[in-house]
Amino acid sequence: MDEEFEVLIVGAGPSGISAAIALARAGVEVVVLERGEYPGSKNVYGGILFTHQLLKLLPDAVEDAPFERAVTRRRFGFLADDRELGLDVKVGRWREKPYNHTVTALRGRFDRWFAEQAENEGAQVFTGFMVSELVVENGRVVGVKVQPGDEEMRAKVVISGEGAQAFLARQVGLMATELPRGHMVTNVKEVIGLPRERIEDRFLLEGNEGVAMEYFGEPVKGLFGMGFIYSNDESVSIGLGLTVKDLIYSKETLNDHLEHFKNLPTIRKLVEGGETLEYSAHMIPDFGYSHLPTLTMPGLILVGDTAGFINGSVYHEGTNLAMGSGLLAAETIVEAKEHGHDIGAAEALAAYRNKLESSFVLKDMKKFRRIPDFFNRYPHILREYPGHVTRWLEDYFTISETPKEDVEKDILRKVRKDVGLFRFLVDMMKIGRAVR
């Protein structure tokens, strides 16, 4: 193909489509290449979509987009055997638009709709095309090769939103050839169909209310990861994520872990009687701020999962960071064009990193930058403490004739035996430093 486009975007996920809409609106010629049969056909994520960046692009998206439920309740729990320690947060005003910018969605539906919005703005979205490699000339990316046919498509700038595996970014040396096992999360998800009334009864919901439940400890057998349940309109998304390092350590399959999670006493009744509608697996890059790849080179910008933009804290945000990075990539290109600069030059694209550093994307990642390394360095935190702490609390709240003073002394003895007071205090200080 002899034609050169202004911008080629690889991947029709949230980051790529956000960039496409912003670029098309600014009069930039933009083409999106999606490997799947349709946008969203190969995308997997837990189920929460964070919408504050989406609403900057499409203010009416709350009414128009195919969301499932507004997340009005969030639960974080530690499970150990038949014990649970949880924090449950439910806020009434989250039932009101824009629903705390937190909704559940199924990517097969949402991504299709989102790509249609880009086409309505003038972007071209082509599906069923796999980008096999970047075309590089004199140290600059000038296009891509596309399968089938090994056809070459050229562009002044390529935006890579190809996903967590980041084959193209690794091809040109923007990140290590071998992805770090301790910072790559392998995620498995099952969508289980249940009647709407049963979902609302089991999860104490009404109307468009939804719940996001995330569990640590026993759901992943004390490994670095979590199990999750998110309510949809007439289904629930249940799954878990584990680092590749810990999955190998466990010597079990992802499906083994998922079945274990689904059959825990706390979880089993929530999905009982449902029908499996979808089963999928996916990789998530939990690099952390300190391990981000190089984000640009002449003619190329990395966005979304490709760049490792995941907030791996208790927020578990990804879609909003993806959309935010896509918008900032588009903004970088548009500003360069408006100033008459070469939009693919290194100097023009350097503004992208600066914009990210000034935005919530990298500010939040920087704040929680210690977390991925922390749990890889101190695996005993998740392997030991859920069981210990829930057992101590079980003893504390068990009613008997034993005087409460004796109960407290006995728990203190167990802390000394299970962990040791000094080690316990040191671990608590380490956790505090990691999350501050």
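Is E357 buried, partly exposed or exposed? E357 has 25% relative accessibility. That places E357 between the 20% limit for buried and the 50% limit for exposed, so E357 counts as partly exposed. Keep in mind that this is a predicted model.

## Salt bridges

E357 has a charged partner. The side chains of E357 and R353 meet in a salt bridge, with N and O 2.9 Å apart. Both residues sit in helix 12, which spans residues 351-358. They are four residues apart, so about one helical turn separates them. R353 is partly exposed too, at a relative accessible area of 29%. Elsewhere, R69, R196, E200 and D233 are joined into one network by salt bridges that share partners.

Why can such pairs form? Side chains of opposite charge can pair when their charged atoms come close. The whole structure holds 34 salt bridges. Three of them are set out here.

| Salt bridge | N to O distance | Relative accessibility |
|---|---|---|
| E357 and R353 | 2.9 Å | E357 25%, R353 29% |
| E63 and K97 | 2.9 Å | E63 44%, K97 52% |
| D246 and R383 | 3.7 Å | D246 6%, R383 33% |

Take E63 and K97. Their closest N and O atoms are 2.9 Å apart. This pair links distant parts of the chain, 34 residues apart. E63 belongs to helix 3 (residues 61-64). K97 lies in the loop between strand 5 (83-90) and strand 6 (102-104). E63 is partly exposed, with 44% relative accessibility. K97 reaches 52%. The limit for exposed is over 50%, so K97 counts as exposed.

Now take D246 and R383. The salt bridge between their side chains has an N to O distance of 3.7 Å. Again, distant parts of the chain are linked, here 137 residues apart. D246 is in helix 7 (residues 244-250), and R383 is in helix 15. D246 has 6% relative accessibility. Buried means under 20%, so D246 counts as buried. R383 is partly exposed, at 33%.

## A nonpolar patch on the surface

Helix 15 also takes part in a surface feature. F78, L85, L393, Y396 and F397 form a nonpolar patch there, with about 450 Å² of accessible area together. Helix 15 covers residues 380-397 and gives the most to this patch, with three residues. Y396 is located in helix 15. Its relative accessible area is 39%, so Y396 is partly exposed.

## The nonpolar cores

Now turn to the interior. In soluble globular proteins, nonpolar side chains tend to be buried together. The largest nonpolar core in this model has 86 residues. Which of them touch the most other members? They are L23, F110, F114, I159 and F309. Helix 10 (residues 319-338) supplies the largest share of this core, nine residues. Another core lies apart from it, with 25 residues, among them I192, L205, L264 and V271.

F110 shows how parts of the chain meet. Leaving aside neighbours within four places in sequence, F110 is in contact with L49, L54, A65, P66, F67, A105 and M323.

S325 is another residue to follow, and its place is in helix 10. What is its relative accessible area? The value is 0%, so S325 is buried. Beyond its neighbours within four places in sequence, S325 is in contact with S15, V303, G304, F309, Y352, L356 and V361.

## Strands

Strand 8 (residues 130-137) and strand 9 (residues 140-147) pair in the antiparallel sense, over seven bridges. V135 stands opposite G143 in strand 9. The two strands form a hairpin with two residues between them. In the turn, N138 has a positive phi of about 55°.

Strand 7 covers residues 124-127 and includes Q124. Is Q124 buried or partly exposed? Its relative accessibility is 34%, so Q124 counts as partly exposed. Apart from neighbours within four places in sequence, Q124 is in contact with F5, V30, V31 and V32. Q124 and E4 are 120 residues apart along the chain, and 14 Å separates their C-alpha atoms.

Definitions and conventions. Residues are numbered from 1 along each chain as its sequence is written. This is a predicted model: local features need pLDDT of at least 70, side-chain atom pairs count only at pLDDT 80 or more; totals for chains, interfaces and linings use all residues. Side-chain values use heavy atoms; hydrogens and water are left out. Patches are made of residues with over 30% relative accessible area and no salt bridge: like charges are joined within 9 Å, nonpolar side chains (Val, Leu, Ile, Met, Phe, Trp, Tyr) within 5 Å. Accessible areas come from the Shrake-Rupley method with a 1.4 Å probe; for residues, only the protein chains shown count as cover. A salt bridge is a side-chain nitrogen of Lys or Arg within 4 Å of a carboxyl oxygen of Asp or Glu. Buried means under 20% relative accessible area, exposed over 50%, partly exposed in between (1.4 Å probe, protein chains only). A nonpolar core is a set of buried Ala, Val, Leu, Ile, Met, Phe, Trp, Tyr and Cys residues joined through side-chain atoms within 4.5 Å. Contact means heavy atoms within 4.5 Å. Two strands pair if DSSP finds at least two bridges between them.
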